[in-house]
Amino acid sequence: MSDLEIRNLHVNVNNREILKGVNLIVRRGEVHALMGPNGTGKSTLSYTLMGHPGYEVTEGEVWFKGQNIIELEPDQRAHLGLFLAFQYPVVIPGVSLANFLRTAINSRRKVENPDDKGIAIPEFRRLMKEKMDVLQMDHAFAGRYLNDGFSGGEKKRAEVLQMAVLKPEMAIMDETDSGLDIDALRIVSEGVNTLRGPDLGVLLITHYHRMLNYIKPDYVHIMLGGRIVETGGSELAMHLEEQGYDWLREKADPLSI
Ligand SMILES: Nc1ncnc2c1ncn2[C@@H]1O[C@H](COP(=O)(O)OP(=O)(O)OP(=O)(O)O)[C@@H](O)[C@H]1O
Ligand SMILES: [Mg+2]
């Protein structure tokens, strides 16, 4: 079982409590959308799940593949099959996209089999070409330094390419739709849809209904003030589009009006 189970998660950033008891289960094969106003803790949750050192877990647990991963290093979490597409992808000058991906594939293979010799270059080339074609990316991107000078949309495509190549079991995608033009949104969404299947769980953080028109979520959760305050189906995202968040603020805190 590689379900992701978040239990009563409390997280401090710079000694301020940002997550105040998050509960969430994402099973493999399911797509969950996480929505909510700016500054409510969505990215904090994604960084915490990947083990960013600046995010201090003060209470609660995160279970993945049958173990509490809170004490694991980020690379150990990645080797387990967790993947995070950042809201603001990092630039790594001097490391090409292809090299970065080959290193990532090989380090994961080595965890599974210490004697592994790494992916053969022709096989790797084939894999990259196939996945880049799905995402309609120019093959020249493989030779460019990771995210260096990539446009906003190109960075997002590069992230979905990483996902396609690394085949994670649980992907957390933080605003993968932001900054994408209409065509890119469709292409990236289709790319995610081709990865969808019984072996992949997805937590998709987004502000807009747009991407959810392409990637139909099984569940939609709303985060407010560091907690998930509402869960529903994809109709909940439609409702938000029309109503905004005020009805939830009132529900979460009757004294807020
Ligand atoms: N490294 C940090 N230092 C200081 N404050 C931080 C840090 N990281 C997060 N915060 C604070 O935590 C709160 C939640 O931020 P977070 O980025 O998780 O919000 P978000 O829900 O992802 O918002 P958005 O929709 O704008 O991306 C904000 O008030 C933010 O300023
Ligand atoms: Mg964010």
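**Exercise 1.** In this predicted model, work out how helix 5 and helix 6 are oriented to each other, roughly parallel or roughly antiparallel.

*Solution.* Helix 5 and helix 6 are roughly parallel to each other. To see why, start with the axes: those of helix 5 and helix 6 (residues 182–195) come within 10 Å and cross at roughly 10°. Angles under 35 degrees count as roughly parallel, so the verdict follows. Next, look at who makes the contact. Helix 5 supplies Gly153, Lys156, Arg157, Val160, Met163 and Ala164, while helix 6 supplies Ala184, Val188, Gly191, Val192 and Leu195. Finally, sort these residues by class: seven are nonpolar, two polar and two charged.

**Exercise 2.** Now turn to helix 4 and helix 5, and find the angle at which their axes cross.

*Solution.* Take helix 4 as residues 121–134 and helix 5 as residues 152–166; their axes come within 10 Å and cross at roughly 135°. The two helices are therefore oblique to each other. As for handedness, the crossing is right-handed. On the helix 4 side, the contact is made by Leu127, Met128, Lys131, Met132 and Val134, and on the helix 5 side by Leu161, Ala164 and Val165. Sorting by class gives seven nonpolar residues, no polar ones and one charged.

**Exercise 3.** Find which residues touch the most other members of the largest nonpolar core.

*Solution.* Begin with the general expectation: in soluble globular proteins, nonpolar side chains tend to be buried together. Here the largest nonpolar core has 62 residues, and Phe83, Leu161, Ala171 and Leu204 touch the most other members. Helix 5 gives this core its largest share, six residues. Then zoom in on Leu204: leaving out residues up to four places away in sequence, Leu204 touches Val31, His32, Ala33, Leu34, Met173, Ile215 and Pro217.

**Exercise 4.** Check the backbone at Lys65 and at Asn147, and decide whether each residue is buried or partly exposed.

*Solution.* Keep the background in mind: most residues other than glycine have a negative phi. Lys65, which is not a glycine, has a positive phi of about 50°. Lys65 sits in the loop between strand 4 (55–64) and strand 5 (67–68). Because Lys65 has 15 C-beta neighbours inside 10 Å, it counts as partly exposed.

Asn147 is not a glycine either, and its phi is positive at about 60°. Its place is the loop between strand 8 (145–146) and helix 5. With 20 C-beta neighbours inside 10 Å, Asn147 counts as buried, since 20 or more is what the buried class requires.

Notes:
Residues numbered from 1 in each chain as written. Chains lettered and ligands numbered in written order. Predicted model: local features only at pLDDT ≥ 70, side-chain atom pairs only at ≥ 80, totals over all residues. Axes fitted to C-alpha atoms, helices over the stretch in contact; angles between N-to-C directions. Helix = DSSP H or I, 4+ residues; strand = E, 2+ residues; numbered from the N terminus. Parallel < 35°, antiparallel > 145°, perpendicular 65-115°, else oblique. Left-handed = near helix turned anticlockwise from the far one by under 90°. Contact = placed C-beta atoms within 7 Å. Nonpolar A, V, L, I, M, F, W, Y, C, P; charged D, E, K, R; others polar. Core = buried A, V, L, I, M, F, W, Y, C linked by C-beta atoms within 7 Å. Buried ≥ 20, exposed ≤ 12 C-beta atoms within 10 Å, placed from the backbone.
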